[in-house]
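Grab the structure and work through these exercises with me. Try each task before you read its solution.

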Amino acid sequence: QSSMIKKRIYDGKIVQLDIYNLTIEGRKVSREIIKHPGAAAILAFDEKGKIILVRQHRFPHGYILEIPAGTLEKGESPRHCAIREIQEETGYKAKAMKHLITYYPSVGYNTEAIHCFVASGLTPVKMKLDTDEFITVKKMELPKLLKMIKAGKIIDSKTICAVMVYAAKKKLL
């Protein structure tokens, strides 16, 4: 990438859209890139080994089942975001928060990285939902969640990635 010119064409609350004109292997190309601060997602297990999920409205898909997650605030570490988000969305505080995997859901046009964690040692606290969040907490056994993923009933990438990587590391697949 020798020469690169950037032009911001959208500046939103969470994302920005930039147009890059650059040269790759001697050819001039244009790339549209969504800038996103990143997110943390939490695969959390309660005292009975059930996974804590949230049923949440995700426009334009309607209500979906997913693991709790949230966008990183300015200067916030992914781990701190995970600790904050699980409490806000599920009403649980986690004793342990272990990094599982970081991945890029849309690597071709988006800078967003999702940092997945495994949470354990949960204790109930107060939920603090944002005014634009509509969330119901659900609990599910891992085998049932794996079946739902394999059947295409779970459409959320962070849930699929976190659960499948966790299962693979535990040699459950």
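**Exercise 1. Work out how accessible Lys-6 is, then find its salt-bridge partner and place both residues in the fold.**

Step 1: Lys-6 has a relative accessible area of 49%, so it goes down as partly exposed. The classes are buried for under 20% relative accessible area, exposed for over 50%, and partly exposed in between, with a 1.4 Å probe and protein chains only. Keep in mind that this is a predicted model, where local features need pLDDT of at least 70, side-chain atom pairs count only at pLDDT 80 or more, and totals for chains, interfaces and linings use all residues. Residues are numbered from 1 along each chain as its sequence is written, and side-chain values use heavy atoms, leaving out hydrogens and water.

Step 2: The partner is Asp-18, with 3.9 Å between the closest N and O atoms. A salt bridge here is a side-chain nitrogen of Lys or Arg within 4 Å of a carboxyl oxygen of Asp or Glu. This pair links distant parts of the chain, 12 residues apart: Asp-18 sits in strand β2 (residues 16-24) and Lys-6 in strand β1 (residues 4-11). Helices (H or I, at least four residues) and strands (E, at least two) are DSSP runs, numbered from the N terminus.

Step 3: Asp-18 has a relative accessible area of 0%, so that end of the bridge is buried.

**Exercise 2. Count the salt bridges, then pick out the network that includes Arg-84.**

Step 1: The count comes to 10 salt bridges.

Step 2: The network links Glu-73, Glu-76, Arg-84, Glu-85 and Glu-88.

Step 3: Zoom in on Arg-84 and Glu-73, whose closest N and O atoms are 3.7 Å apart. Arg-84 belongs to helix α1 (residues 78-90) and Glu-73 to the loop between β7 (69-71) and α1, so the bridge ties together parts that are 11 residues apart in sequence. Arg-84 is buried at 15% relative accessible area, while Glu-73 is partly exposed at 47%.

Step 4: For another bridge, try Asp-156 and Lys-158, with 2.7 Å between the closest N and O atoms. Both of these residues are buried.

**Exercise 3. Which order do the strands of the open 4-stranded sheet take, and which helices lie across β4, β7, β8 and β9?**

Step 1: The order is β7-β4-β9-β8, with mixed pairing. Two strands pair if DSSP finds at least two bridges between them.

Step 2: β7 and β8 (92-103) are the edge strands with a single partner each, so each has one side without a neighbour in the sheet. The twist averages 25° from one strand to the next.

Step 3: Strand β4 (residues 39-44) runs parallel to strand β9 (residues 114-124), paired over 6 bridges. Leu-43 stands opposite Val-118 in β9.

Step 4: α1 lies across β4, β7, β8 and β9, at about 125° to β8. Helix α3 (residues 157-169) lies across those strands too, at about 90° to β8. Contact means heavy atoms within 4.5 Å; axes are lines fitted to C-alpha atoms, for helices over the stretch in contact, and angles run from 0 to 180 degrees between N-to-C directions.

**Exercise 4. Where is the cis peptide bond between Phe-59 and Pro-60, and where does Glu-25, with its positive phi, sit?**

Step 1: Omega of the Phe-59 to Pro-60 bond is about 5°, and Pro-60 is in the loop between β5 (51-58) and β6 (62-66).

Step 2: Glu-25, with phi of about 50°, is in the loop between β2 and β3 (27-35). Glu-25 is exposed, at 76% relative accessibility.
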